[in-house]
Amino acid sequence: KSTSETWQRYCRNGRIDIAETNNDWPAILAEVIGLMCLCDWNISSVATKLGTSSSQLVKLLKKLMERS
């Protein structure tokens with residue numbers, strides 16, 4: 001896989017499990033948003049590349065929006 005070690009630490013069996021208060025939260029978001037840009041904001045493509053589901057990514061991004 002081409003995902004970072006940090007990503008692999010928090011995404012196991014397709015499930016993303018990281019708290020917004022975790023020190024790795026910004027790195028996880030940067031990886032997701034970077035891939036979103038490369039994939040023309042296609043969540044399905046990004047989910048496939050990251051080894052997770054579209055719904056898991058939406059939940060992660062929703063956490064980001066709720067903090068804003």
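**Notebook: salt bridges, core, cysteines, odd phi angles**

I started with charged pairs, and the structure holds two salt bridges. Worth jotting down straight away: this is a predicted model. I checked the confidence before going further, and the chain averages a pLDDT of 93, with 97% of the residues scoring at least 70. By element, β2 has the highest mean pLDDT, at 97, and α4 the lowest, at 91.

**Salt bridges**

I pulled up R9 and D24 and found their side chains meeting in a salt bridge, 3.0 Å from N to O. R9 sits in helix α1 and D24 in the loop between β2 (15–16) and α2, so I have this down as a link between distant parts of the chain, 15 residues apart. I looked up how open R9 is: 40% relative accessibility, which counts as partly exposed.

Next I went to K63, which forms a salt bridge with E20; the closest N and O atoms are 4.0 Å apart. I noted that K63 lies in helix α4 and E20 in the loop between β2 and α2, so this pair ties together parts that are 43 residues apart in sequence. For accessibility I got 25% for K63, partly exposed. E20 came out partly exposed too, with a relative accessible area of 27%.

**Nonpolar core**

Which residues touch the most other members of the largest nonpolar core? I wrote down W7, V32, L57 and L60, out of 18 residues in that core. I then asked which helices feed it, and α1 (5–10), α2 (25–38), α3 (43–50) and α4 (54–67) each supply at least two residues. The largest share comes from α2, with six residues.

I took a closer look at W7. Leaving out residues up to four places away in sequence, W7 touches I16, I28, E31, V32, L50, T52 and L57. Two names on that contact list, V32 and L57, I had already written down among the core residues with the most partners.

**Cysteines**

How many disulfides does a search of the whole structure find? I got zero. I went through the cysteines to see why. C11 is in no disulfide, and the nearest cysteine sulfur, that of C39, is 15 Å away. C11 counts as buried, at 12% relative accessibility. For C37 the closest cysteine sulfur is again in C39, and at 9.6 Å it is too far for a bond; I kept in mind that the cut-off is 2.5 Å. Unlike buried C11, C37 is partly exposed, with a relative accessible area of 44%.

**Positive phi**

Last, I scanned for residues other than glycine with a positive phi. N13 has a phi near 55°. I placed N13 in the loop between β1 (11–12) and β2. Buried or exposed, I wondered about N13? It counts as exposed, at 86% relative accessibility.

D40 also went on the list: its phi is positive, about 55°, although D40 is not a glycine. I found D40 in the loop between α2 and α3. With a relative accessible area of 66%, D40 is exposed.

Definitions and conventions. Residues numbered from 1 in each chain as written. Predicted model: local features only at pLDDT ≥ 70, side-chain atom pairs only at ≥ 80, totals over all residues. Heavy atoms only, no water. Buried < 20%, exposed > 50% of the residue type's maximum accessible area, 1.4 Å probe, protein only. Core = buried A, V, L, I, M, F, W, Y, C linked by side-chain atoms within 4.5 Å. Helix = DSSP H or I, 4+ residues; strand = E, 2+ residues; numbered from the N terminus. Contact = heavy atoms within 4.5 Å. pLDDT = per-residue confidence, 0-100.
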